[in-house]
Amino acid sequence: MGPEIWDDYVVWYSYTGSPGSTEYSDIIMFDINAWRVVDITNDNPIQYEPDIDNGTVVWHDNRNGYWDIYSYDIGTNQENRLTFDGQEYFCPDIHNEKIVYYTHDRITNIDRKSTRLNSSHTDISRMPSSA
């Protein structure tokens, strides 16, 4: 839940509000070399849990009514949505171009999923939500 660092970049989320409020959070990046702050997201939906590696930032985001995984390429300033199927996806971690995250089917199961940038996701394990 704290800041993440890769090379000369630090990312975190900035939350403005309290639980249950209509406030929002955004993904923020600090470029240490340029000594500047970059708002990766700057809108009303809630965005949480950024991670960064090899010039790519990932986070979960509810701008479409579901929690989806998004990425941001620092070199191109391009943002991409990585999940599309209407399930809820949370807590991404990235290493090289591999991303792992959780999904929850809102009933009984929590899955761990894995993907590569520009790929579809794959189940890597399944556990009951009560675990």
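1. Strands S5 and S6 run antiparallel and are joined by 5 bridges. In this predicted model, the two strands form a hairpin with 2 residues between them. Asparagine 54, in the turn, has a positive phi of about 50°. Within the pairing, isoleucine 52 stands opposite valine 57 of S6.

2. Strand S5 covers residues 47–53, and 6 of its 7 residues are buried. Strand S6 covers residues 56–61 and includes aspartate 61.

3. Aspartate 61 deserves a separate comment. Its relative accessibility is 0%, so aspartate 61 counts as buried; the cut-off for that class is under 20%. Leaving out residues up to four places away in sequence, aspartate 61 touches Pro45, Ile46, Gln47, Tyr66, Trp67, Asp68 and Tyr70. Two of the residues named there come up elsewhere in this note: Gln47 falls within S5, residues 47–53, and Asp68 lies in strand S7.

4. The charged pairs come next. As a general point, side chains of opposite charge can pair when their charged atoms come close. The whole structure contains 3 salt bridges. One of them is between the side chains of aspartate 61 and arginine 63, at 2.7 Å from N to O. The side chains of these two residues are also joined by a polar contact of 2.7 Å. The partners sit in unlike surroundings: aspartate 61 is buried, with a relative accessible area of 0%, whereas arginine 63 counts as partly exposed because its relative accessibility is 28%.

5. Arginine 63 also meets glutamate 79 in a salt bridge between side chains, at 2.6 Å from N to O. This pair links distant parts of the chain, 16 residues apart: arginine 63 is in the loop between S6 and strand S7 (68–73), while glutamate 79 is in strand S8 (residues 78–81). Glutamate 79 has a relative accessibility of 29%, so this residue counts as partly exposed.

6. A further salt bridge is formed by the side chains of aspartate 68 and arginine 81, at 3.1 Å from N to O. Aspartate 68 lies in strand S7 and arginine 81 in strand S8, so the pair ties together parts that are 13 residues apart in sequence. Aspartate 68 counts as buried because its relative accessibility is 0%. Arginine 81, at 27% relative accessibility, counts as partly exposed. Salt bridges that share partners join Asp61, Arg63 and Glu79 into one network.

7. On the surface, Ile5, Ile32 and Trp35 make a nonpolar patch of about 360 Å². Isoleucine 32 is placed in the loop between strand S3 (24–31) and strand S4 (36–39). With 30% relative accessibility, isoleucine 32 counts as partly exposed.

8. Some totals give the wider setting. The secondary structure of the protein chain consists of 12 strands and 0 helices. The chain has 131 residues, of which 37% count as buried. Its accessible surface comes to about 7400 Å², and carbon and sulfur atoms account for 48% of that area. Among contacts between residues at least 6 apart in sequence, 23% join residues at least 24 apart.

Technical notes:
Residues are numbered from 1 along each chain as its sequence is written. This is a predicted model: local features need pLDDT of at least 70, side-chain atom pairs count only at pLDDT 80 or more; totals for chains, interfaces and linings use all residues. Side-chain values use heavy atoms; hydrogens and water are left out. Helices (H or I, at least four residues) and strands (E, at least two) are DSSP runs, numbered from the N terminus. Buried means under 20% relative accessible area, exposed over 50%, partly exposed in between (1.4 Å probe, protein chains only). A polar contact is a pair of N or O atoms within 3.5 Å; within protein, one must be able to donate a hydrogen and the other to accept it, and residues adjacent in sequence count only if both atoms are side-chain atoms. Contact means heavy atoms within 4.5 Å. Two strands pair if DSSP finds at least two bridges between them. Patches are made of residues with over 30% relative accessible area and no salt bridge: like charges are joined within 9 Å, nonpolar side chains (Val, Leu, Ile, Met, Phe, Trp, Tyr) within 5 Å. Accessible areas come from the Shrake-Rupley method with a 1.4 Å probe; for residues, only the protein chains shown count as cover. A salt bridge is a side-chain nitrogen of Lys or Arg within 4 Å of a carboxyl oxygen of Asp or Glu.
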